[in-house]
Amino acid sequence: MSKSRRRRAAQVWCAVTVLAAVATGCGADAKPAASSPSASGILSVGVTASLGRMTSLNPLADNLYGSWIARQLIYPALVQLNGTKLEPSWASKWDVSEGGRVYTFHLQPGTWSDGKPLTAHDAAWTANFELKHASDAAGLVSFALEGVKSVKATDDKTLVVTYAEAMPESVLTLLANFHVLPKHVYEPHAGGDGSKILAFRPEDKLPAVSGGPFTVTEFAGDGTTIFEPNKGYFGTPPKVGAVGLQVFQNDEGLAQALRAGTVAWGYGGGSAVAASVKGAAGLKVAASPSQEVAMLNINTNPKKRDNPELKQVQVREAMSLALDRAELVEVVLNGYGRPGRSVLAPFQDEWIPKDLQADPHDPAKANGILDGLGYKRGADGIRVTPAGDRMSYSVVVWKEISRVAEILQKNLAEVGIELKPDIAADYTAAVTKPDGKYLDFDLAYSYWTLSPDPGGTLRVYSCDSWGSVNFAGFCDKDYDTLLTKQRGMLDQAERTAAVGTLQKTLLRDTRAVLPLYHAETVHVVRQDWAGIETQRFGPGLWTQIHRVS
């Protein structure tokens, strides 16, 4: 993933969402969970810091995976997902008109947790702010409105979403990531150009104003955040008295809590947690087809001044052939995953061309390519360009992916390329600097959790995603033209072909992106809880969970 803010990724779906290195013990700064799962009505959920840390409840300012969990609980969404299936949420139904260009959503009555009415005008304000500021203040979330031309509230319960051209209904899956904000709370913080809204911190004044099934009564982005039911919620009331979302500093800390029974659900705990608790009484592992992709992005900005050899497609191909994706799956994912094949994930297989397969691990061929380009090894084994520059590059990462970085370093060293991790406190700034011009970074690791429709993911590498979620500095007008055209293709075969062409542009023609692996979604749950349907995304997941005797 899980812009993820810092962001590691953002579409989405969330994304930058990352896999942590295994350490021992729970972080000392992790606050005790609100209650153990044995306490009546309290659902204790654990996440690792690499996955679930939050910096804010403001979805415009925080795209870490913990924030994506929180927004499902506190902000209304028009629709939600059950796997790849679209289901109603705040919108009880919708009508389609003008051949698929206009979608009219009929909303259920409700109130914000502070007693103010929850209406279509909140949704219209949120959407229009995000459309207006898609390339700046709303850059982390605007993907959800891909292709939308306008949004209008015709009355309190009716929202009309008009797309620029006719859209297949599958595009509505993106709207599961459109979370409606309380206009009366957020609008005063927007400022003239919208930029001030990023500094707004709802968690500074609790309980947070919520329109979802829960509201936040205690917030600790790196400890335990408490969610209590919102009495004004429009939908089915939650079956639990509270949710405690606890952040553990490493995988083993979460695994220990699951074994001890102080945590009921290791949310997206990942393969390391699953391996650690294997065989423990009362626990089960739930793995589902991967909705995720980890990638090595290469700076493709032609104006980047140093390391010009990185602009050569042959150099990028050699780097890809040097990568041992099978080792990444085995070591990083404990076998819960597949070698990286595309910027899309296995659950979107219908959109991925059959001939687009993961590059093999072939260091001999990689060395042959680099030898042929005239890059000779120096005395230290690192290749040197004809201009006399060492093939030594930095890769922007965050500290929790140390195992990934170590494997990438080892693989590339085998072909004479040095890789130096750049652990960034502000990931997006490190990639886009200076001033969003992509002139400094060499490579960057990113991790995404994706939505079913491929358009949002492919939009990450569009020119209008510069400065936010585009982590390769990639900008190609022909790519953008086809990207815009494909979203309005109602013929499935035609659209599938266009989506395939876009993937091949990124992965073969330019090799701006090197897919590394697709991690399966792995949850660990206690067997004395029911209703934890891990394939769901949205409030419907959280309102049906209950403890069984």
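**Salt bridges, a lined cavity and model confidence**

In the predicted model, arginine 536 has a relative accessibility of 14% and counts as buried, because the cut-off for a buried residue is under 20% relative accessible area. The partner of arginine 536 in a salt bridge is glutamate 533, with a separation of 2.7 Å from N to O. Glutamate 533 has a relative accessibility of 29% and is therefore classed as partly exposed, since this class lies between the limits of 20% and 50%. The pair thus joins a buried arginine to a partly exposed glutamate. Salt bridges with shared partners also link Glu146, Glu165, Arg459 and Arg487 into one network. In total, 22 salt bridges are present in the structure.

A further salt bridge is formed by lysine 354 and aspartate 349, whose closest N and O atoms lie 3.4 Å apart; this separation satisfies the criterion of a nitrogen within 4 Å of a carboxyl oxygen. With a relative accessibility of 62%, lysine 354 is exposed, because exposed residues are those over 50%. Aspartate 349, in contrast to its exposed partner, is partly exposed, its relative accessible area being 27%.

Aspartate 359 and arginine 511 also form a salt bridge, and here the closest N and O atoms are 2.7 Å apart. Aspartate 359 is located in the loop between strand S16 (337-339) and helix H10 (363-372), whereas arginine 511 occupies the loop between helix H15 (492-509) and strand S22 (513-519); the pair therefore ties together parts of the protein that are 152 residues apart in sequence. Both aspartate 359 and arginine 511 are buried.

The interior of the model was also examined for cavities. The second largest cavity has a volume of about 50 Å³. Its lining consists of Pro59, Leu60, Arg71, Glu130, Val141, Asn177, Phe178, His179 and Leu181. Classified by residue type, this lining comprises five nonpolar, two polar and two charged residues. The charged residues are Arg71 and Glu130, and the polar residues are Asn177 and His179.

Confidence in the prediction was considered for the protein as a whole and for its N-terminal stretch. The mean pLDDT of the protein is 89, and 92% of the residues reach 70 or more. Over residues 1-40, however, the pLDDT is below 50, although this stretch has 197 contacts in the model beyond near neighbours in sequence.

Methods. Residues are numbered from 1 along each chain as its sequence is written. This is a predicted model: local features need pLDDT of at least 70, side-chain atom pairs count only at pLDDT 80 or more; totals for chains, interfaces and linings use all residues. Side-chain values use heavy atoms; hydrogens and water are left out. A salt bridge is a side-chain nitrogen of Lys or Arg within 4 Å of a carboxyl oxygen of Asp or Glu. Buried means under 20% relative accessible area, exposed over 50%, partly exposed in between (1.4 Å probe, protein chains only). Helices (H or I, at least four residues) and strands (E, at least two) are DSSP runs, numbered from the N terminus. On a 1 Å grid over the protein atoms alone, a cavity is a set of points where a 1.4 Å probe fits but cannot get out, and a pocket is an open set with protein on both sides within 12 Å along at least five of seven lines; lining residues have an atom within 4 Å of a point. Grid points are joined across faces, edges and corners, and a volume is the space filled by probe spheres set on the points. pLDDT is the predictor's confidence in each residue, from 0 to 100. Contact means heavy atoms within 4.5 Å.
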